[in-house]
Each structure stands twice: as structure tokens, then as C-alpha cells.
Amino acid sequence: MLDIRFIRENTAKVKERLALRGTNYDDAVDQALALDDKRKEIIGEVEGLKAQQNKVSKQIPQMKKAGEDTTAIMAEMKGIAAKVKELDAQRTDVETQLKDVLLGIPNVPADKVPTGADDSQNPEIRRWGTPKEFDFEPKAHWDIGSDKGILLPEVAAKVTGSRFHFYRGLGARLERAVINYFLNTHTDAEGGYTEILPPFIANGASMTGTGQLPKFSEQMYQLGREDSDLYLIPTAEVPVTNMFRDEIIPADQLPVRYAAYSACFRREAGAAGRDARGLIRQHQFNKVELVNFTAPEDSWNQLENLTHEAERVLQGLGLPHRVVCLCTGDVGFSSACTYDIEVWMPSYGRYVEISSCSNFLDYQARRANIRCRNAEGKPVFAHTLNGSGVAVGRTVAAILENYQNADGSVTIPEALRPFMGCDQI
């Protein structure tokens with residue numbers, strides 16, 4: 001969440017930048033400032049009463065020593081104590097309200113984020129590779145999966161519901177091969193990431209720490225009863241980021257870079273259209289997530305490194321892709337700046353998102369109380385970043401479409417052959 005002091009010192013700019021997201025947050029900002037004023041007023045009143053308590057308490061021994069009646073002054077002290085207790089309760093209530101308001105205010109888009117209303121206005125940063133020109137009509141990956149008997153969505157629909165998949169035979173092996181290739185690449189000498197296998201369930205505090213709650217509760221799969229505090233994770237970002245919740249990361253350990261495989265679970269409420277078919281938008285999918293913890297002064301450099309690391313696995317697979325910078329109207333709730341990597345999908349005739357790499361600055365760290373020490377040894381909020389390195393199912397879809405052949409077979413990218421044990425499906 002945003003620092004209330006930052007909001008107070010930059011109120012006009014905060015309102016201006018937040019408005020570029022397409023939603024007016026002026027009332028929320030004003031409410032946060034008003035609650036902070038009330039909090040300060042209560043603190044000032046309590047400090048005044050406590051100063052009065054100290055003054056009066058020093059008089060009592062002197063009065064007793066002089067044989068004076070202390071009944072009235074003791075009653076006064078009792079009244080002051082009761083008032084302090086009442087004000088402390090008010091302060092707790094106001095601070096709870098202030099936190100709730102701040103949790104509902106998104107991150108301020110960084111100055112470098114381009115202004116735009118939606119994803120149609122995301123500027124392209126760079127491209128890699130050239131889309132293949134087929135001498136036959138390329139098929140969509142779901143048709144390839146059906147023809148080869150390696151993707152069974154109809155069976156999954158019977159067993160679970162729509163937007164789930166059974167992978168079969170070489171389809172299952174391809175998914176597993178991509179996961180292994182990603183993890184091996186990110187943890188090699190060039191990548192320098194440490195592999196993490198996290199739990200696939202997280203509690204409400206963890207979801208709040210990374211920004212999924214309370215804003216996106218309708219997208220979560222909550223476990224058990226309605227009052228349950230456990231959720232299936234939407235991304236490994238949640239458990240991995242919260243590894244350092246309420247902790248101080250030693251400066252000599254920064255930057256911390258973790259690569260984590262997990263299954264991911266999202267309701268994807270409201271999603272429809274072409275993306276509802278195949279592997280592009282599923283309720284359950286696999287992903288290898290890259291999570292970085294950095295010193296504040298290094299986070300923009302780390303965003304570039306993280307994005308290049310996600311691009312590296314696509315380049316190793318020979319998949320044409322491009323990088324775009326999300327505009328103010330498209331950047332995520334918790335992010336200050338996001339680069340999307342989009343892979344070429346022949347059946348779509350366009351690039352499709354396969355990874356998002358974001359710098360949250362101290363927004364998540366403030367929510368989760370993740371700190372590090374600066375050059376003077378003083379604890380400060382760390383900066384957190386993450387990116388898909390990359391979505392596994394979408395990678396499988398891109399491989400099936402970009403590497404399909406006229407005879408219906410699919411060539412396995414060379415980088416995956418050691419994991420597949422074959423060069424063709």
C-alpha cells in the first residue's frame with residue numbers, strides 16, 4: 001500500500017497519476033488524509049493527557065507527605081486514565097479504518113509508465129524473432145491437441161468443469177519438459193536464481209500482503225467454510241513474496257532472486273471469447289514465477305534484468321515474441337510499472353501475453369512489512385518485483401502452433417529434447 005506521508009506530501013500528483021488508471025480515487029485519498037488527521041489529533045490529545053498525568057502524579061507524594069487530602073486529585077487521575085483508554089480505543093479504530101482505505105488504493109503508476117486507456121495503447125519496446133510463414137493453414141493448438149490425443153479438455157470438463165485440462169502422453173511430458181527447462185535455465189550460472197517449491201495454499205495475510213486481497217477476492221478459490229482463511233494460490237508470487245513477511249533481509253543478501261514452480265488457480269470471472277478455448281485462460285495452470293527482493297535504489301535495474309531473464313527462456317525455445325510497456329489504464333493494481341512479454345500465436349495472427357514482469361516498488365513490502373537495511377544500517381521497506389518466467393501452458397500452446405508441420409506432427413524445440421526423449425510429437 002501507499003505510504004500516507006507520501007500521499008500527504010504529493011497529494012495532487014497522487015490523484016493525477018491514479019486518475020490515469022481510469023478510475024477516480026480522489027475520495028479515497030481524501031478519506032485517507034482525513035483519517036490520518038484524526039489519528040494525529042487523537043495522538044496529540046493523548047500526549048497532552050499523559051503529560052498532565054505525569055505532572056499530577058508528581059504532586060501526589062508531596063501532598064501525602066504534607067498530610068493533604070488527595071481524594072480529588074486521585075479522582076482526577078482516574079478520569080484522565082479513563083479518557084486515555086477511550087482515546088486509545090478510538091485511535092485503534094481510526095488506524096484500522098485508515099489501513100482499510102489504503103488497502104483499496106492502487107499503486108501510483110511510475111512516471112515512466114506511458115499514458116493510455118487500455119491495452120491497445122501499450123507501446124512496443126522491442127521484438128525478437130520473425131513469425132514463421134506456413135505453406136499450409138496452421139491449426140489452433142486445441143485442434144492440434146485433439147488431433148494428437150494429447151489435450152483432453154472434454155474429459156476434464158466431465159471430471160471437474162470447463163477451463164480445465166487433462167494432458168495425456170507426450171502432451172503431459174511436454175508440459176513437464178517446459179517446467180524443467182525453465183527451472184534449469186533460471187537457476188543456471190547466467191540466471192542466478194534459487195529454486196523454490198512453495199505450498200500451493202496461502203492464508204489471508206499472505207494474499208493481502210501481495211495485493212490479491214481485498215481487491216480481487218472474487219477471483220480467489222477460498223478453501224473450506226466461508227470463514228476459512230486459506231486460499232488456493234493464483235501465482236507462486238504469493239507464497240514466495242510472503243517468505244519475508246515481517247522480516248528484515250540482511251543487506252549482504254540482496255538482491256534475493258527466487259524461481260518457483262507452482263500450479264495456479266484463478267476463477268477468471270468474466271473472461272470469455274477465444275481465450276476461453278485451449279490453454280490460454282484456464283482456472284488451473286502451471287507457471288514458473290520469478291520473484292526478486294531488492295534495495296530501493298536497485299529495483300529499476302532489477303526490473304530490466306528480470307524481464308530479460310523471462311525473454312531468455314523464450315529465445316532458447318525459438319519462439320518469436322515482443323515486449324510492451326503497460327500503459328496507465330492497463331497496469332495492474334499493485335504495480336508501479338509492468339512489461340508484458342507477448343508470444344506469437346499463428347492461429348490468433350497476433351502476439352498473446354505470456355509473461356508480465358512488474359516492479360511494485362515498496363507497495364507490497366509495506367503491506368507485508370518486508371524490510372531491508374540501507375547503507376546506514378537503518379531498516380527501510382524493500383522493493384519487490386516478480387514476473388512469469390513464463391506461463392507454462394501458454395508456452396506449450398505456442399510450441400504446438402509455431403512448430404506444427406504440414407503432416408500434422410509437431411517438432412520439439414531442441415532445448416526440450418533432453419527432457420522429452422524425442423524430437424517430434
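A nonpolar core, as I'll use the term, is a set of buried Ala, Val, Leu, Ile, Met, Phe, Trp, Tyr and Cys residues joined through side-chain atoms within 4.5 Å. Keep in mind that this is a predicted model.

So, the cores. The largest one has 59 residues. Which members touch the most others? They are Leu-174, Val-178, Phe-182, Met-345, Leu-400 and Leu-416. Helix α7 supplies the largest share of this core, seven residues. There is also a second, separate core, with 27 residues. Among them are Ala-32, Leu-33, Val-46 and Val-101.

Take Met-345. Leave aside neighbours within four places in sequence. Met-345 then contacts His-141, Ile-280, Arg-350, Val-352, Ala-397, Ala-398 and Glu-401.

Now the sheet. It is open, with eight strands and mixed pairing. The order reads β1-β9-β10-β11-β14-β8-β7-β2. At the edges sit β1, residues 124–128, and β2, residues 194–196. Each of these pairs on one side only. On average, neighbouring strands are turned by 25° against each other, direction ignored.

Look at the β2 edge. β2 runs parallel to β7, residues 256–265, and three bridges join the two. Ile-196 has Ala-260 in β7 as its bridge partner.

Next, the helices on this sheet. α7, residues 170–186, packs against β2, β7, β8 and β14. Its direction makes about 10° with that of β8. Then comes α12, residues 392–402. Which strands does α12 touch? Those are β8, β10, β11 and β14. The direction of α12 makes about 35° with that of β14.

Notes. Residues are numbered from 1 along each chain as its sequence is written. This is a predicted model: local features need pLDDT of at least 70, side-chain atom pairs count only at pLDDT 80 or more; totals for chains, interfaces and linings use all residues. Side-chain values use heavy atoms; hydrogens and water are left out. Two strands pair if DSSP finds at least two bridges between them. Helices (H or I, at least four residues) and strands (E, at least two) are DSSP runs, numbered from the N terminus. Axes are lines fitted to C-alpha atoms, for helices over the stretch in contact, and angles run from 0 to 180 degrees between N-to-C directions. Contact means heavy atoms within 4.5 Å. Buried means under 20% relative accessible area, exposed over 50%, partly exposed in between (1.4 Å probe, protein chains only).
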